[in-house]
There are 4 protein chains.
Amino acid sequence: MTSSATLADPSLAALAAQYRDVRQASERLCEPLTIEDHVVQSMPDASPTRWHLAHTSWFFETMVLKPALPGYVSLDERFDYLFNSYYNTLGKQFPRPQRGMLTRPTVEEVRAYRSHVDDHMMELLEHSNDGSAVPISVIEVGLHHEQQHQELIVTDLKHLFSLNPLHPVYRGVDFPTRTVPAMRWYEHPEGLVEIGFEGDGFAYDNERPRHRTFVQRYQLASRLVTCGEFIEFMEDGGYRRPEWWLSAGFNTASEAGWNAPDYWIKRDGQWMVYTLAGLKEVDASHPICHVSYYEADAYARWAGARLPTEAEWETAAITLPAAGHFVEDGYFHPVPPVRASSGDEPEQLFGDVWEWTQSPYTAYPGFRAPEGALGEYNAKFMSGQMVLRGGSCATPRSHIRLTYRNFFHPDARWQFSGIRLARDA
Amino acid sequence: MTSSATLADPSLAALAAQYRDVRQASERLCEPLTIEDHVVQSMPDASPTRWHLAHTSWFFETMVLKPALPGYVSLDERFDYLFNSYYNTLGKQFPRPQRGMLTRPTVEEVRAYRSHVDDHMMELLEHSNDGSAVPISVIEVGLHHEQQHQELIVTDLKHLFSLNPLHPVYRGVDFPTRTVPAMRWYEHPEGLVEIGFEGDGFAYDNERPRHRTFVQRYQLASRLVTCGEFIEFMEDGGYRRPEWWLSAGFNTASEAGWNAPDYWIKRDGQWMVYTLAGLKEVDASHPICHVSYYEADAYARWAGARLPTEAEWETAAITLPAAGHFVEDGYFHPVPPVRASSGDEPEQLFGDVWEWTQSPYTAYPGFRAPEGALGEYNAKFMSGQMVLRGGSCATPRSHIRLTYRNFFHPDARWQFSGIRLARDA
Amino acid sequence: MTSSATLADPSLAALAAQYRDVRQASERLCEPLTIEDHVVQSMPDASPTRWHLAHTSWFFETMVLKPALPGYVSLDERFDYLFNSYYNTLGKQFPRPQRGMLTRPTVEEVRAYRSHVDDHMMELLEHSNDGSAVPISVIEVGLHHEQQHQELIVTDLKHLFSLNPLHPVYRGVDFPTRTVPAMRWYEHPEGLVEIGFEGDGFAYDNERPRHRTFVQRYQLASRLVTCGEFIEFMEDGGYRRPEWWLSAGFNTASEAGWNAPDYWIKRDGQWMVYTLAGLKEVDASHPICHVSYYEADAYARWAGARLPTEAEWETAAITLPAAGHFVEDGYFHPVPPVRASSGDEPEQLFGDVWEWTQSPYTAYPGFRAPEGALGEYNAKFMSGQMVLRGGSCATPRSHIRLTYRNFFHPDARWQFSGIRLARDA
Amino acid sequence: MTSSATLADPSLAALAAQYRDVRQASERLCEPLTIEDHVVQSMPDASPTRWHLAHTSWFFETMVLKPALPGYVSLDERFDYLFNSYYNTLGKQFPRPQRGMLTRPTVEEVRAYRSHVDDHMMELLEHSNDGSAVPISVIEVGLHHEQQHQELIVTDLKHLFSLNPLHPVYRGVDFPTRTVPAMRWYEHPEGLVEIGFEGDGFAYDNERPRHRTFVQRYQLASRLVTCGEFIEFMEDGGYRRPEWWLSAGFNTASEAGWNAPDYWIKRDGQWMVYTLAGLKEVDASHPICHVSYYEADAYARWAGARLPTEAEWETAAITLPAAGHFVEDGYFHPVPPVRASSGDEPEQLFGDVWEWTQSPYTAYPGFRAPEGALGEYNAKFMSGQMVLRGGSCATPRSHIRLTYRNFFHPDARWQFSGIRLARDA
């Protein structure tokens with residue numbers, strides 16, 4: 001699983017540059033934050049920013065530096081326990097729902113921890129002259145892992161801030177609006193297709209192996225479902241009428257008291273939405289976001305359609321550019337595409353919102369989890385979750401790819417998750 | 001969806017006979033019971049026997065008699081609310097977890113309700129001379145529905161009795177034992193296969209449409225996993241070591257304190273199991289049973305194998321006879337096959353235990369739920385559950401078929417659910 | 001603690017007669033019940049009737065027959081575990097919230113258990129000719145214990161039946177009504193008073209020792225608060241306005257969604273109440289009932305008054321007759337007094353409804369719990385509960401007395417508990 | 001209730017000085033803290049330090065400045081909602097369990113809020129030259145209120161830090177030890193006594209009115225129960241044997257898994273205790289601390305004694321000096337008394353640990369809650385809690401007095417609560 005390289009390998013310099021970029025990107029996301037913002041865990045599913053910063057460093061320390069850098073000394077051995085997320089192979093873990101109870105190490109101490117790890121990673125990548133083997137592929141996992149946590153920093157902060165009646169602004173920005181074009185449908189023929197990753201670049205284990213699967217004839221929608229369309233669903237009794245819902249979805253919605261997407265509140269008859277740019281009026285032209293799988297599925301049924309399978313999504317996306325908005329665009333909110341589709345292809349399959357598929361997250365045929373701790377990265381979560389595709393406005397642009405499989409529980413709403421429709425031909 | 005028939009149709013007499021058989025089978029299951037046994041609900045997932053007897057009658061009354069028998073008068077209109085299980089189309093439902101709170105109508109009154117319904121069903125099937133249309137296909141659904149509840153009567157009673165330290169005996173019987181043959185593997189080639197139901201007989205909507213799917217090369221185990229094999233897993237730390245488990249599974253097992261299959265207790269160093277024949281020593285040669293999906297999946301990983309997909313299972317089972325033990329055999333417990341396999345085919349794919357597959361319960365491509373109340377029968381549960389195949393020792397023999405898809409949540413253990421292994425070729 | 005007696009003692013015949021009376025009274029309460037009604041436990045605080053019948057028998061078997069009747073053989077030793085309520089001294093107990101899970105022993109078997117115990121109690125009381133000592137005082141506890149369970153049979157059945165939309169009628173009866181007289185106040189001077197039990201008759205340990213306490217000048221209301229008065233409180237926003245409530249009470253009411261006394265439902269603008277005579281219109285002249293301590297306390301504050309202390313209640317009640325309605329009157333519901341008070345004393349201090357006092361249930365000064373199992377009867381519950389006085393329409397008349405201290409948690413509503421006001425002079 | 005004063009009143013200067021002292025004491029407690037430490041809420045019963053700092057300022061702003069300082073402008077009107085603890089009279093409150101979700105206003109902003117309030121309080125107390133009335137008694141309540149929150153800052157921080165495996169040190173200090181003298185008993189005669197507050201100084205409403213009560217003859221222990229004595233109880237099966245416990249206490253201990261006082265952990269056979277000076281070995285000579293009422297009551301029963309009533313405690317303490325350790329002593333942990341008792345009076349009734357009494361927290365006879373918001377200060381909590389007396393090592397010395405009634409639920413352990421025994425004479 002692990003490819004290695006000696007110093008002579010010219011790719012190490014590029015990897016070092018990439019390492020610095022990715023690590024700095026995490027820290028840049030924290031620039032608008034107060035120390036207080038780094039500390040709090042708003043729900044068990046979310047983690048404090050401070051924890052994300054420390055855990056991603058722990059990942060490099062544990063997976064790379066300890067095995068590969070001779071003489072490496074940890075800054076504090078107790079961090080092994082504090083910042084291990086879920087790797088049973090690597091020992092016990094501080095309980096996840098308690099992550100917000102730790103006020104020490106402080107943010108400054110966590111930054112020192114990051115520097116300590118970064119210095120030694122640079123030593124490993126740039127200055128080792130004893131021919132030590134560098135576990136390149138593990139470092140690549142570490143960088144993509146850090147990018148995943150960058151997205152979580154954004155989504156977890158949004159959840160935290162949303163609980164504050166002061167509606168904190170993370171980054172002030174105006175959102176574009178658009179005239180929404182009519183929905184069109186792109187038809188795909190039935191046939192045996194190949195999906196999944198193969199080749200030289202990076203991909204997670206769960207995108208492998210590339211394999212054949214049979215797809216029936218289907219149609220995919222030209223654009224994302226908008227807030228305006230979702231409001232129509234709501235006004236038609238969407239949240240009150242069980243006939244469009246999965247039974248588990250309707251129960252969840254009823255017990256949780258859902259009557260709108262997450263972060264929406266009604267004020268003087270107007271739907272408002274909390275965004276990282278503050279509380280805003282809902283823009284009917286924007287992609288709908290912060291809906292669970294259950295809501296996406298119910299909306300689709302109401303609309304006389306369904307959600308796509310991941311094979312359908314991947315087959316349709318194969319020739320499309322990753323042209324949506326990502327975290328680097330600085331909106332931290334899904335907005336309309338820069339240019340409307342030319343009319344010969346669906347728009348915005350990548351970026352802005354993760355698109356719920358109707359595919360439960362399971363192993364691809366022939367999947368084998370890697371040996372060791374990295375085998376716990378994805379495989380053990382293949383139960384009870386649904387696949388989402390395409391990345392969001394909180395995803396680093398270089399993190400996404402055609403075969404990328406994100407997965408969340410069907411009731412999760414705090415990710416930037418939206419709706420792309422499909423239907424039988 | 002609904003085919004109709006006039007009196008002249010000779011199939012009505014056969015249907016009437018089948019109706020009587022199925023309805024009497026429910027009542028025969030209650031013969032060993034005291035009145036007290038009929039009343040109690042042991043957990044929200046289970047229902048009192050009395051409720052099963054009433055609800056199945058309500059089904060015929062509501063789906064058949066009210067729409068199809070002119071002048072039909074309900075015995076008590078309040079039963080509409082009390083005995084509707086989950087059909088929102090048909091009005092509000094008495095809360096499921098409260099079903100055990102109803103001591104009235106009494107068992108005797110419920111039996112009168114059954115007779116009332118039966119009398120009018122007979123009138124509809126045998127004596128109507130006004131050419132009224134008989135909704136044959138709905139009646140067929142009702143009969144299969146009743147058979148499903150017959151299985152639930154058995155499993156729910158077992159759960160209830162298991163909570164009683166007196167270990168009530170439902171039916172005293174001795175179980176056969178066997179010398180367990182070595183596990184062999186039957187290989188199947190890769191290819192495009194067809195699964196799902198097509199044709200004239202009865203099938204549920206979720207078995208349709210018959211459709212193509214691509215199956216990789218795989219091997220299926222010759223027999224079920226035994227109690228003896230499962231004890232080896234347990235003795236190897238099976239319930240304590242997370243490396244073989246899905247994360248959700250290990251959490252469930254830890255929180256629930258599982259350390260053995262359901263109904264097992266250790267007494268003086270010997271594993272005992274509560275059966276409907278009373279408390280018995282665990283027989284190492286018997287198929288393992290009352291394990292959740294999580295346990296089945298963990299066992300499979302420990303054994304270096306995996307669970308089959310439902311396409312793999314159905315493809316392998318296509319030529320095999322339904323030769324296992326069903327409810328009519330009177331064991332109410334999975335036992336070894338009558339005859340060991342001749343060696344050229346896997347044994348016991350049908351009967352004794354439902355076999356967990358690794359397939360989440362989702363709609364087949366092109367699936368469309370029927371209009372009206374029957375559209376709620378299966379479709380709205382297509383979330384968060386796993387498919388099981390083949391029927392069990394509590395299933396009526398005439399209820400099962402090759403394409404039958406049963407489904408339960410991955411933590412469910414009170415059904416007669418066991419383990420068939422598969423592996424990549 | 002335990003006085004004994006030999007056969008020669010003429011009081012044994014009287015005790016035997018009393019034993020038969022009390023035991024038969026339990027069984028008479030069950031006459032209107034179906035077998036189904038005996039089995040179900042409607043909430044953890046309540047118990048199935050079958051359990052009450054068995055547990056009271058277990059009490060005599062365990063406390064009297066096993067120690068005092070030579071050669072006594074238990075009907076089934078497993079009942080020791082099944083029917084022990086909470087006596088740790090006597091071994092482990094079947095979990096209280098699971099009492100409704102036991103469908104065996106059946107009602108008939110429990111009746112046989114009662115007969116077995118009764119036969120041997122009679123042998124002990126009437127026929128022992130070997131001079132064996134009879135533990136008279138323990139038997140007396142057992143009889144009063146059984147009377148307590150008679151009251152619980154009534155209140156637990158009412159709770160169970162109230163959950164049934166069919167509104168079962170336990171005993172059909174018409175309730176008297178009245179013209180409600182104006183509230184008057186009886187003043188008592190300050191002074192050192194004595195409360196608690198002393199003397200020869202029966203009393204529980206928690207009524208002892210008789211002791212001095214200082215009472216300030218106070219006034220006690222001439223009659224119980226009525227449904228009509230309580231409706232005024234409700235219509236003044238009683239359940240929505242926190243200013244009259246204890247903080248814990250308002251939280252409890254909000255979380256539980258209380259907006260009326262227990263068993264009240266509004267139908268077409270009319271308050272209805274479920275009674276053991278079926279669903280009835282609320283009669284404004286009836287004593288208010290099925291209110292928690294929190295509601296009683298909030299009502300009193302709204303009315304510019306307070307609840308009495310138990311010393312105030314007992315001091316006021318000392319000369320009053322126990323003239324209210326008890327279980328023998330057959331109403332199973334609080335009704336107006338037979339005769340209005342003559343005007344020189346408060347009416348209805350005894351019977352109809354238990355009267356909440358503002359006294360937490362604690363040990364009297366100098367209290368010592370008895371040695372052994374009977375020491376667990378009352379003492380270990382002296383925490384978190386409030387004292388109620390005077391008995392109710394579900395209390396056997398011979399069970400109540402001036403010094404009797406009943407106790408329930410402040411949120412309990414399923415007992416026949418009502419409101420007597422007091423105020424500072 | 002509110003006495004007023006004009007500027008001419010010479011007592012205002014003293015009050016201003018007292019105000020500055022109390023306010024600064026709060027801030028001094030925060031000096032050892034990082035910003036991170038201010039933010040987190042470790043359980044619903046506790047609050048973040050930042051919240052305590054803000055809420056106490058809100059109290060002066062709302063109760064004093066807004067009604068009494070003409071032209072006062074709030075720093076941020078939204079704080080009315082954020083920092084109202086539980087005063088329904090003053091509007092809705094941000095939910096208590098969510099206090100730790102607020103990362104804004106920041107610590108610095110909260111300090112600015114404090115300064116804003118302090119400046120205007122000084123203006124009111126020192127510089128108003130328009131004869132405006134100063135609500136002296138409300139300011140006194142505000143100062144005592146702030147002292148209560150100083151104690152909570154200490155106890156809430158201790159709870160928070162205790163969850164951190166790094167065992168943060170709040171203030172490093174060595175604790176004194178002692179040779180424990182034998183327990184002696186001081187006897188008090190029966191008689192009518194007066195308890196409660198009367199006179200000119202400050203006292204809370206719940207200490208009033210002074211009133212007569214009758215006390216039986218009793219004995220009070222000469223000293224507090226020590227850790228060494230409590231370990232004997234533990235080693236005698238204290239936490240496993242129900243016979244010494246209230247039923248609710250044993251259930252609480254079992255469900256919570258208590259097997260030692262709070263903050264104790266066993267390491268290599270040695271009991272350690274987390275203190276604000278870090279993790280220390282338990283010193284057998286120290287007063288036992290962080291025990292609930294349930295544990296105190298069980299210990300007392302095991303020791304053949306009982307807890308005192310509050311009347312007994314107050315009667316015994318009337319002549320004793322407040323000679324124990326308070327927050328100013330800087331231990332933040334209960335330690336032995338400076339000088340052993342001379343032998344003619346019980347030692348350490350004040351300071352070090354709050355002493356559980358057996359008295360439920362109820363209104364004194366004749367108690368009337370004040371009108372308005374201050375009426376919610378104490379009265380609405382008179383249910384379900386127990387009285388503690390004497391102050392602790394976290395109490396400001398000037399905050400405590402003979403008649404002071406503290407109150408907590410019987411399962412609370414995070415306060416510095418310990419055990420003083422009493423017994424019947």
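**View 1. Helix 8 of chain A, tucked into its surroundings.** In this predicted model, helix 8 of chain A runs over residues 293-302 and is largely enclosed by the rest of the structure, because 8 of its 10 residues are buried. Here's the roll call of the buried ones: A:Y293, A:Y294, A:E295, A:A296, A:D297, A:A298, A:Y299 and A:A300.

**View 2. What covers helix 8 of chain A?** Among the elements lying over its buried residues are two helices of chain A, helix 6 (227-235) and helix 7 (247-256). Strand 10 (354-360) and strand 11 (386-389) of chain A belong to the cover too. Follow the chain past helix 8 and you come to A:G304, which has a positive phi, near 75 degrees.

**View 3. C:Q147 and its neighbours.** Over in chain C, we pick out C:Q147, a residue of helix 5 (residues 136-162). Is C:Q147 buried or exposed? Its relative accessible area is 6%, and buried means under 20%, so C:Q147 counts as buried. Leaving aside residues up to four places away in sequence, C:Q147 touches C:V22, C:P396, C:S398 and C:H399.

**View 4. Chains A and D around their axis.** Give chain A a turn of 180 degrees, with a shift of 0.0 Å along the axis, and it can be laid on chain D with an RMSD of 0.0 Å. That's the relation of a two-fold axis. The same surface serves both copies, with 100% of the contact residues of chain A recurring in chain D. Which residue of chain A comes closest to the rotation axis? That would be A:E36, whose C-alpha is 3.0 Å from the axis.

Methods:
Residues numbered from 1 in each chain as written. Chains lettered and ligands numbered in written order. Predicted model: local features only at pLDDT ≥ 70, side-chain atom pairs only at ≥ 80, totals over all residues. Heavy atoms only, no water. Least-squares fit on C-alpha atoms with pLDDT ≥ 70 in both. Contact = heavy atoms within 4.5 Å. Helix = DSSP H or I, 4+ residues; strand = E, 2+ residues; numbered from the N terminus. Buried < 20%, exposed > 50% of the residue type's maximum accessible area, 1.4 Å probe, protein only.
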